[in-house]
Amino acid sequence: MAGVSNYLINKEVDWELRGQTFVPPTTTYVGLLLTSNGALARSTAYTTGQTVSMVGADALNHLYSCTTAGTTAATAPAYPGKTAEVITDGTAVFTEQGDVLAANGASFVEVSGGSYARVSVASSLANWSGTQGAGTTAASSGTSAAISNNAAVTYPTPTGNWQTAPQTIWGFFLADAATAGNTLRFGGLGADQTVSTGNAVSFATGALTIKTDAR
């Protein structure tokens with residue numbers, strides 16, 4: 001999953017076409033997002049409102065919410081990875097949460113506790129690559145619509161677990177403040193993660209990829 005918040009879309013449209021002022025943040029903050037029930041499992045009962053992760057046909061990790069309670073099938077049906085898609089899986093039904101996340105809805109659950117804090121990244125050509133390729137520092141001139149971090153994004157050392165089973169960390173987001181503030185963009189990790197006391201937690205250089213035209 002790769003997404004843009006409603007807040008950012010509205011700001012950009014008003015700036016581009018409606019003559020309104022938009023001052024981009026001088027610093028962005030990278031946070032982490034939780035599922036309530038980890039990766040979607042086979043032949044497993046789920047109740048309404050539980051959230052799970054699933055890698056869709058687009059090869060991106062998505063967040064889904066159980067919208068009809070039931071038990072998943074022994075073999076997974078197709079999950080294309082479309083925003084707000086509704087998938088019947090066995091007797092359970094799951095709905096993709098991209099639109100809810102874009103609105104900072106109920107599915108937007110940030111890690112907390114254990115010395116967790118969002119990591120600040122100053123907005124600059126040096127810190128984020130251009131669309132022409134990872135590690136570049138010139139103004140964007142490419143066609144990929146994708147950028148990535150030019151330096152590691154490293155979190156504080158955990159003093160406690162960052163999830164409570166069966167939760168997992170499924171995704172990340174960018175915000176314009178160290179706490180609360182406005183969400184700008186969000187996306188799924190390559191695979192769900194769990195973080196325990198003392199773990200090193202970091203996005204290596206180039207590992208945090210942001211598709212800037214995603215919706």
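**Salt bridges and strand β8 in a predicted model**

Biologist: In this predicted model, which residue forms a salt bridge with Asp-14?

Modeller: The closest N and O atoms of the pair are 2.8 Å apart. Asp-14 is partly exposed, at 23% relative accessibility, and its partner counts as exposed at 56%. That partner is Arg-18.

Biologist: How many residues apart are Glu-12 and Arg-185?

Modeller: Glu-12 and Arg-185 form a salt bridge, with 3.9 Å between the closest N and O atoms. The pair links distant parts of the chain, as Glu-12 lies in helix α1 (residues 6-17) and Arg-185 in strand β13 (residues 183-193). Their separation along the chain is 173 residues.

Biologist: Is Arg-118 buried or exposed?

Modeller: Arg-118 forms a salt bridge with Glu-110, their closest N and O atoms being 2.9 Å apart. The cut-off for buried is under 20% relative accessible area. Arg-118 has 13%, so the residue is buried.

Biologist: How many of the 5 residues of strand β8 are buried?

Modeller: Ala-92, Phe-94 and Glu-96 point one way from β8, while Val-93 and Thr-95 point the other way. Residues on both sides are buried, so the strand is largely enclosed by the rest of the structure. The count is 5 of the 5.

Biologist: Which residue stands opposite Phe-94 of β8?

Modeller: Strand β7 (residues 86-89) pairs with β8 in the antiparallel sense over 4 bridges. The two strands form a hairpin with 2 residues between them. Opposite Phe-94 stands Ile-87.

Terms used: Residues numbered from 1 in each chain as written. Predicted model: local features only at pLDDT ≥ 70, side-chain atom pairs only at ≥ 80, totals over all residues. Heavy atoms only, no water. Buried < 20%, exposed > 50% of the residue type's maximum accessible area, 1.4 Å probe, protein only. Pairing = 2+ DSSP bridges. Salt bridge = Lys/Arg side-chain N within 4 Å of Asp/Glu carboxyl O.
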